[in-house]
Amino acid sequence: MTLWRLEWMRLARTKRWIALVGVYVFFGLLGPLTARYLREIVDFAGGDLEGATIQFPPPVPADGMAQFVSNAVQIGTLVAVVVAAGALAFDAIPEMGVFLRTRVSDVRTILVPRVVVTVIAVLGSFVLGGLAAWYETWALIGGLEAGDVVAGLLFGCLFLVFVIGLVAAVAARASSVLGTVMISIVVLLIMPIFGISEALGRWLPSHLGGALATIPAGTESFSDYLPATAVTVVTTVGLFFVALRFAASREL
Amino acid sequence: MIRTTDLAKRYGATDALRGVDLSVAAGSIYGLVGPNGAGKTTLLGILAGLRHPTSGSVQIDADPHRIAVLPDTPRFDAWLTGREVVGLAQRLTAGTEDRVEQVLADAGLTDAIDRPVGGYSRGMLQRLGLACTIVGEPTLVLLDEPASALDPLGRREVLDLIGRLKGTATVLFSSHILADVQEVCDTVGILDKGALAFQGTVEDLLVGQAVPRYRIRVRPPTDDVARALDRLDWVRAVEFDGTDELTVTVSSLADAETKLAGALAAAGARVVSMGPEAVSLERAFLEVTK
């Protein structure tokens with residue numbers, strides 16, 4: 001039994017991988033479906049809105065990815081935060097923290113497997129969901145440029161690594177898993193508020209979350225995301241550094 | 001093995017530890033006792049590297065990989081089995097997993113070895129924690145209230161396990177249960193309000209710290225005898241509970257041995273029996289901490 005195996009077992013035995021893969025793949029399959037059949041869904045739900053008529057433009061392939069992103073960025077990120085907090089807040093139960101901390105000489109030995117396994121699980125689930133959305137978009141609406149989708153997935157992955165870095169930094173200070181989740185979500189919710197200003201928003205990590213929708217749609221290009229990418233890379237490295245420093249200096 | 005010098009720890013305005021000079025000899029089993037809030041867990045936390053002292057120094061003569069720590073209520077991921085928990089503990093300390101079944105058997109957990117620890121009772125978790133502690137063959141073992149959550153049988157097993165460490169490891173354990181300390185420890189430290197009020201062998205504590213007392217049974221009337229003894233300058237106190245027994249606290253055993261019989265005779269006491277009161281660790285502890 002190693003600390004690496006412990007983390008894979010945490011995902012498997014607590015069924016957290018099902019929550020992660022499930023939410024991303026579910027929205028990956030649901031997004032293009034709702035984009036393709038939105039008109040029929042509204043009609044089925046009673047399309048007569050007191051005389052008003054809703055006109056839907058014919059669906060285009062980018063709508064499939066946009067539907068996936070709108071759900072995955074919110075609910076998928078929430079699930080990712082919860083899963084990450086469960087793994088990274090290892091001092092939340094001090095007796096468990098004592099068990100690990102008194103058996104390693106450097107807290108990195110504990111933290112690195114937890115971060116890496118969480119990143120792999122979250123990113124793997126997101127990519128799987130994105131690929132499902134891409135496939136179903138192709139099947140129901142039409143094809144998308146592979147380069148655009150891959151670029152969108154890469155930017156989305158970078159945003160999720162930032163999210164995990166944020167959770168790691170918060171977990172090293174917070175006293176519970178719930179506290180870690182709440183603080184992380186508040187920070188993630190505050191970012192889009194600053195993003196209302198377009199000039200500021202294009203620099204924020206949260207901007208990357210929409211790349212899988214906007215790049216295939218052609219409303220933004222790869223280079224439009226470079227400012228946010230630079231900020232996100234620097235911030236993420238800083239968050240992991242802070243997480244290590246906080247975790248190393250923490251008293252139990 | 002362990003030496004602290006003028007160790008202090010403050011939490012805000014509260015002194016958790018004040019000038020603690022702890023000295024634990026290699027190979028000893030050291031019992032750290034003290035009332036709630038005396039600073040025992042803080043002291044163990046500092047020795048384990050889990051807390052930082054405000055001032056003072058700690059010197060531990062042991063390989064950091066061979067120092068094992070057991071908190072008072074050990075907890076583990078509920079979805080791991082006992083075998084996996086101890087296997088992880090051994091992997092992190094010694095690098096192999098060949099002693100897992102042996103230490104789980106020593107801890108009386110063979111039947112539960114492949115069960116998720118989420119279903120373990122509190123006593124089983126305590127024994128599992130102890131198994132994790134000893135699996136890496138540590139040279140220094142720090143135990144925080146290791147038997148506090150256990151039933152009498154579980155306590156017996158834990159004390160036997162600690163006793164078996166004698167000669168292979170230095171053990172420092174805190175406890176509220178003075179009988180446990182008296183049974184397995186050769187050295188005792190009494191922590192009171194963050195300061196080390198006593199440190200030495202159990203014998204030194206029992207002989208040197210407790211004020212000597214005599215128990216005397218006399219034929220009634222007893223109160224005249226009690227009043228006569230209470231007037232003597234070498235008698236500190238006479239406790240008389242209304243029966244035929246007096247408890248006489250004396251300034252020294254020597255005074256009692258040379259003068260008590262004569263004083264009783266002079267008071268006209270009809271003595272049934274008399275003798276020094278056996279000093280318990282509990283009474284010695286109360287004397288030191290009062």
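# Walking through a two-chain model

Me: How many of the eight residues of helix α1 (residues 40–47) of chain B are buried?
Reply: Helix α1(B) is largely enclosed by the rest of the structure, and keep in mind that this is a predicted model. Buried means under 20% relative accessible area. Residues of α1(B) on that list include Lys40(B), Leu43(B) and Ile46(B). Out of eight, the count of buried residues is seven.

Me: Which residue with a positive phi follows α1(B)?
Reply: Let's step just past the end of that helix. A phi near 80 degrees is positive, and the residue that has it here is Gly49(B).

Me: Is Ser55(B) buried or partly exposed?
Reply: Ser55(B) sits in strand β5 (residues 55–60) of chain B, and beyond its close sequence neighbours it touches Asp6(B), Leu7(B) and Ala8(B). Its relative accessible area is 35%. Partly exposed covers the range from 20% to 50%, so Ser55(B) counts as partly exposed.

Me: How far apart in space are Ser55(B) and Ala16(B), C-alpha to C-alpha?
Reply: Along the sequence, 39 residues separate Ser55(B) from Ala16(B). In space, their C-alpha atoms are apart by 12 Å.

Me: Is Thr81(B) buried or exposed?
Reply: You'll find Thr81(B) in the loop between β6 (67–70) and α2 of chain B. Leaving out residues up to four places away, it touches Arg13(A) from the other chain, plus a run of chain B residues including Ile113(B) and Val117(B). Its relative accessibility is 11%. The cut-off is 20%, so Thr81(B) counts as buried.

Me: In α2 (residues 82–93) of chain B, how many of the twelve residues are buried?
Reply: Helix α2(B) is covered by pieces of both chains: α1 (3–13) and α5 (94–101) of chain A, along with α3 (100–106) and α4 (122–135) of chain B, are among them. The buried residues include Gly82(B), Val86(B) and Leu92(B). Helix α2(B) is largely enclosed because the buried share of its twelve residues is nine.

Me: How far apart are the end C-alpha atoms of helix α2 (residues 82–93) of chain B?
Reply: The helix has twelve residues, and at 1.5 Å a residue it should span 16 Å. That expected figure agrees with the distance in the model, which is 17 Å.

Me: What span should helix α2 (residues 16–36) of chain A have?
Reply: This α2(A) has buried residues too, among them Leu20(A), Phe27(A) and Pro32(A), and their cover includes α3 (38–44), α4 (61–88), α6 (108–140) and α7 (146–171) of chain A. It has 21 residues, at 1.5 Å each, and its end C-alpha atoms are 31 Å apart. That agrees with the expected span, which is 30 Å.

Me: How much area is buried between chain A and chain B?
Reply: The size of an interface is often given as the accessible area lost when the parts come together. Here 23 residues of chain A contact 29 residues of chain B. Carbon and sulfur atoms give 61% of the buried area, and the total is about 2400 Å².

Me: Which residue of chain B meets Arg10(A) in a salt bridge?
Reply: The two chains have three salt bridges between them. In one of these, the N to O distance is 3.3 Å. The partner of Arg10(A) there is Asp77(B).

Me: Which strands stand at the edges of the sheet β12-β13-β11-β14 (chain B)?
Reply: This is an open sheet of four antiparallel strands in chain B. An edge strand has a single partner, so one of its sides is left without a neighbour in the sheet. Neighbouring strands are turned by 20 degrees against each other on average. The edges belong to β12(B) and β14(B).

Me: Which residue of β13(B) stands opposite Tyr214(B)?
Reply: Strands β11 (residues 213–218) and β13 (residues 245–250) of chain B run antiparallel and share five bridges. Helix α8 (residues 223–230) of chain B lies across β11, β12 and β13. Opposite Tyr214(B) stands Val248(B).

Me: In β10(B), what is the bridge partner of Thr187(B)?
Reply: We're now in the six-strand open sheet of chain B, ordered β6-β7-β8-β4-β9-β10 with mixed pairing. Its edge strands are β6 and β10 (195–201). Strand β9 (residues 187–192) pairs with β10(B) in the antiparallel sense over six bridges. The partner of Thr187(B) is Thr201(B).

How values were computed: Residues numbered from 1 in each chain as written. Chains lettered and ligands numbered in written order. Predicted model: local features only at pLDDT ≥ 70, side-chain atom pairs only at ≥ 80, totals over all residues. Heavy atoms only, no water. Helix = DSSP H or I, 4+ residues; strand = E, 2+ residues; numbered from the N terminus. Buried < 20%, exposed > 50% of the residue type's maximum accessible area, 1.4 Å probe, protein only. Contact = heavy atoms within 4.5 Å. Pairing = 2+ DSSP bridges. Axes fitted to C-alpha atoms, helices over the stretch in contact; angles between N-to-C directions. Expected span 1.5 Å × (residues − 1). Buried area = accessible area lost by both parts, 1.4 Å probe. Salt bridge = Lys/Arg side-chain N within 4 Å of Asp/Glu carboxyl O.
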